[in-house]
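Please read the points below with the sequence and the structure open beside them. They are meant for someone who has not met this structure before.

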Amino acid sequence: MQRALSEITRDLLLNSTEFEIFDSDELKEKVDSLRNERSKKEDGIYFFYKDFDKEIGLFNDQIAKAQRYVKWLKNEQERLKGYVVSQYQITGDLPKHTVLNPLKVRESAGAVDIIDEVKIPDEYWIEVVTRKIDKKRILKELKDGNEIPGVRLHKKDFVTGLK
């Protein structure tokens with residue numbers, strides 16, 4: 001019967017505790033058997049995990065394909081709008097706005113086109129100052145045993161060996 005890793009771990013914990021108390025060969029064999037069962041379960045979980053990697057790869061490929069197609073569609077829309085504008089610019093006319101043709105050509109409010117930054121006078125420049133917390137320094141000092149108001153050292157377990 002297939003058992004969950006949590007069930008195996010629970011039984012291993014109970015039997016290990018009993019073995020420490022009673023120290024019998026039967027309990028030792030039971031603990032060894034549970035460790036082997038847990039090891040096989042870990043192997044199965046690893047293969048299951050790797051199967052997820054394959055599915056993730058497939059879906060990432062499909063997402064990328066869909067994103068490329070959406071980008072192509074948007075470019076085609078822009079190309080069509082540009083085509084309409086260019087054709088009307090040739091004759092100097094504007095498209096007729098109707099219920100079936102909602103196209104309108106308007107002039108933008110304008111945007112700054114920087115040609116040569118070096119020539120721009122200082123009065124048109126602004127100074128930008130940013131602040132950023134130095135987490136690396138804080139981490140080093142917390143590991144050295146220093147206390148810093150507003151922060152704490154947070155450690156957590158993580159799984160290695162996968163990927």
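1. His154 is found in the segment that follows helix 3 (135-143). The model is a predicted one. His154 counts as exposed because its relative accessibility is 58%, and the cut-off for exposed is over 50%. Between the C-alpha atoms of His154 and Leu142 there are 9.8 Å, with the two residues 12 apart along the chain.

2. His154 and Leu142 also both belong to the lining of the largest pocket. This pocket holds about 190 Å³ of space. Its lining includes Ile133, Lys135, Ile138, Leu139 and Lys143, and also Val151, Arg152, Leu153 and Lys155. By residue class, the lining consists of 6 nonpolar, 1 polar and 4 charged residues.

3. Helix 3 also holds a charged pair, Arg137 and Glu141, placed 4 residues apart, or about one turn of the helix. The two form a salt bridge, and their closest N and O atoms are 3.0 Å apart. Are the two partners equally open to the surroundings, or which class does each fall in? Arg137 is exposed, since its relative accessibility is 53%, while Glu141, at 25%, is partly exposed.

4. Side chains of opposite charge can pair when their charged atoms come close. Over the whole structure, the search gives 10 salt bridges. Among the residues involved are Arg3, Arg10, Asp11 and Glu37, which are linked in a network of such bridges.

5. Helix 2 (residues 25-91) contains further pairs. Glu76 is bridged to Arg79, with 3.1 Å between the closest N and O atoms. These two residues of helix 2 are 3 apart, about one turn of the helix. Glu76 has a relative accessible area of 23% and is therefore partly exposed. Arg79 is placed in that class too, as partly exposed, with a value of 48%.

6. Another bridge joins Lys81 and Glu78, whose closest N and O atoms are 3.0 Å apart. Lys81 and Glu78 are about one helical turn apart because 3 residues separate them in helix 2. Lys81 is partly exposed, having a relative accessible area of 45%. Glu78 is partly exposed as well, with 48%.

7. Which residues form a nonpolar patch on the surface? They are Phe48, Phe52 and Ile56, and together they have about 310 Å² of accessible area. Ile56 is a residue of helix 2. With a relative accessibility of 45%, Ile56 is classed as partly exposed, because that class runs between the limits of 20% for buried and 50% for exposed.

8. Glu26 is likewise placed in helix 2. Is Glu26 buried or exposed? Its relative accessible area is 67%, so Glu26 is exposed. From the C-alpha atom of Glu26 to that of Leu58 the separation is 49 Å, and the two residues are 32 apart along the chain.

9. To check these points on the display, begin with His154 in the segment after helix 3 and the pocket that His154 helps to line. Then go to the bridge between Arg137 and Glu141. In helix 2, look at the pair Glu76 and Arg79, the pair Lys81 and Glu78, and the residues Ile56 and Glu26.

How values were computed:
Residues numbered from 1 in each chain as written. Predicted model: local features only at pLDDT ≥ 70, side-chain atom pairs only at ≥ 80, totals over all residues. Heavy atoms only, no water. Patch = residues over 30% accessible without salt bridge, like charges linked within 9 Å, V, L, I, M, F, W, Y side chains within 5 Å. Areas by Shrake-Rupley, 256 points an atom, 1.4 Å probe, with all protein chains shown as cover. Salt bridge = Lys/Arg side-chain N within 4 Å of Asp/Glu carboxyl O. Buried < 20%, exposed > 50% of the residue type's maximum accessible area, 1.4 Å probe, protein only. 1 Å grid on protein atoms, 1.4 Å probe; cavity = no way out; pocket = protein on both sides within 12 Å on 5 of 7 lines; lining within 4 Å. Points joined across faces, edges and corners; volume = space filled by probe spheres on them. Nonpolar A, V, L, I, M, F, W, Y, C, P; charged D, E, K, R; others polar.
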